[in-house]
Every structure is written in C-alpha cells, then in structure tokens.
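Visitor: Please pick one part of this protein and give me a close look at how its side chains pack together. I would like one connected account.

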Amino acid sequence: MPHHDLVIIGTGSGNSIPDERFAGLDVAIVEHGIYGGTCLNVGCIPTKMFVYAADVAEIIRRSGTYGIDASIDKIRWTDIRDRVFSRIDPISAGGRRYRQEQSDTTVYLGHARFTGERALEVTPTDGGAPVAVTGDRFVVAAGARPAIPEKIVESGVPYYTSDDVMRIDEVPRRLTIIGGGYIAAEFAHVFSALGSEVTIATRGPALLREQDEEISARFTELAATRWNVLVDAAPTAPPEQRADGTIVVHCQHGQIEADALLVATGRLPNGDRLDAAAGGLDLHPDGRIVVDEQQRTSVPGVWALGDVSSPFQLKHVANHEAAVVRHNLLHPDDPRATNNAHVPSAVFTDPQIATIGLREQDCRERGIRYVTKVQRYGDVAFGWAMEDTTGVVKLIADPTDGTLLGAHLMGPEASSLIQPLIQAITFGLDARTMAEHQYWIHPALPEVIENALLGLALDPEA
C-alpha cells in the first residue's frame, strides 16, 4: 500500500501547493479528470477567451454608432475554438508532465474515494486495478461539477454543460439555455454574438438573481432586447427530441424549440463523489466539506479548499485558500486564517457585471441603515465617448460616516473598474476620503466612480 507524506486530491488550485519548500517530502497528487482543474480547462480561462471574441463581434456590430460602417463577413467558430484550446490543452498536458517527472511526486490519474480517515482507493482512468493510498496529511481540492436536473437526465435528450459546450464543432442555429445565473448569462452572450438565436429559460422572476436586485432587474430588461428571455419558466414536462433532431423544452410559457440544449443550473461540490463521509469528513447540507477558518476539516491532518468546500466557487478564492493551506502545512505552529470577509466577483456577459459587499436587499433584510447612489456611465465624459446608455455604478454606504458597504457595477469593463472599490471596502476607506483625497484622471472612465462617491447623500448627524 503506497503511503505518502502528503496527498492532494485535485489539480486545480490544489496543484499549486507543492513548491520548492516541499522538497524532500513524498507528495501524491490525484486527478480523475483533465489535469489543471475547472478554471484552466472548462471554466474561467477558456470562457473568457470566447467572451473576448464575442465582445469583438458586438463592437463591430455597433460601430455605426461612432460613424464607422463595418460588418462581419464570417464567424469562423472552429478557428475561435481552436485558438482557445490550442493554448489551453498544452498547458494542461505540460502541468501533468511536470509533476510526473518530479522525483518526489507521484501522480495518480484516476478516481479517488475515501475508505477511511486519510485513506483512499484510486481507480485508474486507464482501466487498471484500484490502488489503496494512505497519507500523513491530505488536501481535498476536488472542485465541483455541473448540476443537472433529474428530469433532463432521465429524458435521454442530448444536452451540453459548461464542461463540453465550448468544444462543439459548429454554432447551433437555435440554442436553449436552462438557467438564469452567471454561466447562463455568459454563454448567452458568447453564442448570440457568434451566431446563435438564444433562448434563456429560468425558474425565477429575473436573471442573475444573486446580484443586487436593481442590477438584476436592469440586466434582465436589457437581456430581453438581445435574447428570448423567459422568466418564471418552470418546466411542465421533461424535454424531448423529435425525429429531425429538434429539442423541445416544455415550460409554463409553452414549447421552446432548439437545435441544442445547454444546461446551466448551477454546480455541485464533489465531496459526495469522493465518499467524503467515509473518510470521516463532515459535510454541509448542500454537500460542501466543512472547514474552519484555517481550512481544516473535521479530520486531523486533512484540509479542504476551493469549490469542494467553499460557498463562493471562485478561482481567486480557491487560490487564496490554497495559499493559506500551503502556509499551514509548512508552519503548523503559526497557522493563518482565510479572509473571506470581502469577496468580489464578476460576470463576463454583455454588459459586464461586477460586485462586492452587501446588496441593497441584504441591508434591508438585516435592518442596516444605508444610503445608495446610482451613477450612470453616460454622465461622465468617457461614457459620452462610448455613447453608453445602460452602464451604472451603484454604491451602498453607511449614511453617517460614509463607510462603503457594497458596490455593484454593470457596464463596459466593470470587472476592472470595480478594483478601487474592492480596495476601499477591504481596507475600510470611507466614501469622502476616497473621492476627495486622490486625483481621478480626467476624462478616464473611473470618473464615474468618483461621481458616485461624491453623490452619496451622507448625514454625519443622522
């Protein structure tokens, strides 16, 4: 039975933990899928490469607004796809090869299941005999997977998920997307910009309901001008496929016909597929592995990080947690805690959305006193240059001292534009200090943030 000093399950952020400081330790890395994890292979990086191509296509379509007449001659989908994966696939293969060639590292390519505390059975993907593996310490970084409603699975209808839709051979003429979250919104932008007639059907009353309510409402209204958006569209029967290949989705609005179906109804942590409970690991009701502020699980010597344990399911969070776990493995007498007090996120749809901190509905539900300011991109000079009519910055602050409680942006480059607000909220910089004690380059787009800060109606005497 192979025994190792350290066993890491998952090759996303977990793969980044062993560095030169682990030299001399016997390290094992287990991966049942594509080496490199979700972000590299089926998540953040490839999707944003597709998004960039979609953004370029939309810029061309809208160029007439600026007095430039241009048109798209052809969308070369396979060239777009191959540009993405000709870059990503070698990185994945190179990462695997690098670890396999290390003398102090053993790579197990197979599916792991816990058989006891700090004990695994790994079933190789090449069909070989299962291998029992034990270790002194474990890091579980096994990620998450697409959640598929049972009725869709049982229907037998072919469908795509974010795991495979980017590798298809051609853009479907009609694409139905089930779901209303960030994955649905990003792929709706990609495929509509690159040639599909897109329908989004979501159970809820709006798209991106995890966002601030005003941003969600604005985005839903805007999306309906580009795509066929069906809200409150609960399924009334399982989907079916006709003899000609047409896929029919049945919902409260009637029948939706499409050439392809993309299921984007969330992601599930992979703890259940690891038999985490058999390894003594406590689980949350939603399946996430329970960890404390140091990323320790309920089993001594076992840590967990990333989507398998985190409620955020964000790569920058997983990377932060991996850094904490690395430190705690190397310095058990001086442990660090994860800081997830202020976690930003972005949705790379059209327009982009970025957020940090409390939403207005959070403040209302918690009884927190607050003021808001919504500043339009189009009210500053760079917004005029872009002829922007939909972009907004929404700030939420304490009315007495101007402490920023939340920031929610929808518009071009929102994912970059929000960064100074991330810094302000993280380090407790109040709105007036931030707005008045630094220069804001004129006429750059960040002036929209300056104006939003200055527009907050603060009352120190309140």
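Guide: What follows is a walk through the nonpolar core, its rings and one helix beside them.

A word on the numbers first. This is a predicted model, where local features need pLDDT of at least 70 and side-chain atom pairs count only at pLDDT 80 or more, while totals for chains, interfaces and linings use all residues. Residues are numbered from 1 along each chain as its sequence is written, and side-chain values use heavy atoms, with hydrogens and water left out.

Let's start with the core as a whole. A nonpolar core here is a set of buried Ala, Val, Leu, Ile, Met, Phe, Trp, Tyr and Cys residues joined through side-chain atoms within 4.5 Å; buried means under 20% relative accessible area, exposed over 50% and partly exposed in between, with a 1.4 Å probe and protein chains only. The largest such core has 41 residues, and Phe-50, Ile-177, Phe-187, Phe-191, Phe-219 and Trp-227 have the most contacts inside it. Two or more residues each come from helix 2, helix 3, strand 7 (174-178), helix 5, strand 8 (197-201), helix 6 and strand 13 (260-263). Helices (H or I, at least four residues) and strands (E, at least two) are DSSP runs, numbered from the N terminus. Helix 5 gives this core its largest share, 8 residues. A second core of 28 residues is separate, and includes Ala-354, Val-380, Ala-407 and Trp-440.

Now for the rings. The structure holds 6 aromatic pairs; rings of Phe, Tyr and Trp (its six-membered ring) pair if their centres lie within 6.5 Å, and planes under 30 degrees apart count as stacked, over 60 as edge-to-face and the rest as tilted. Phe-50 and Phe-85 make a tilted pair, 6.3 Å centre to centre with 55° between the planes. Because Phe-50 sits in helix 2 (residues 44-61) and Phe-85 in helix 3 (residues 77-100), this pair ties together parts that are 35 residues apart in sequence. Phe-50 is buried at 1% relative accessible area, and Phe-85 is buried at 5%. Elsewhere, Phe-219 and Trp-227 have ring centres 6.2 Å apart and planes at 65°, so their pair is edge-to-face. Phe-219 is buried at 0%, and Trp-227 also counts as buried, at 4%.

Ring pairs also join Phe-50, Trp-77, Phe-85, Phe-187 and Phe-191 into a cluster. Leaving aside residues up to four places away in sequence, Phe-50 touches Trp-77, Ile-80, Arg-81, Val-84, Phe-85, Met-166 and Val-190, where contact means heavy atoms within 4.5 Å. A charged residue joins in as well: Arg-167 lies over the face of Phe-85, at 3.8 Å from the ring centre. A charge sits over a ring if NZ of Lys or CZ of Arg is within 6 Å of the ring centre and within 35 degrees of the ring normal.

Phe-219 brings us to helix 6 (residues 213-223), where Ile-215, Ser-216, Phe-219, Thr-220 and Ala-223 are buried. They cover an arc of only 130° around the axis, so they lie on the same side of helix 6; the arc is that of the directions from the helix axis to the C-beta atoms. Their cover includes helix 5 (182-193), strand 9 (228-230), strand 17 (353-357), strand 19 (392-397) and strand 20 (404-410). At the N-terminal end of helix 6, Asp-212 acts as a cap, with a side-chain oxygen 3.0 Å from the backbone nitrogen of Glu-214.

Conventions. A polar contact is a pair of N or O atoms within 3.5 Å; within protein, one must be able to donate a hydrogen and the other to accept it, and residues adjacent in sequence count only if both atoms are side-chain atoms.
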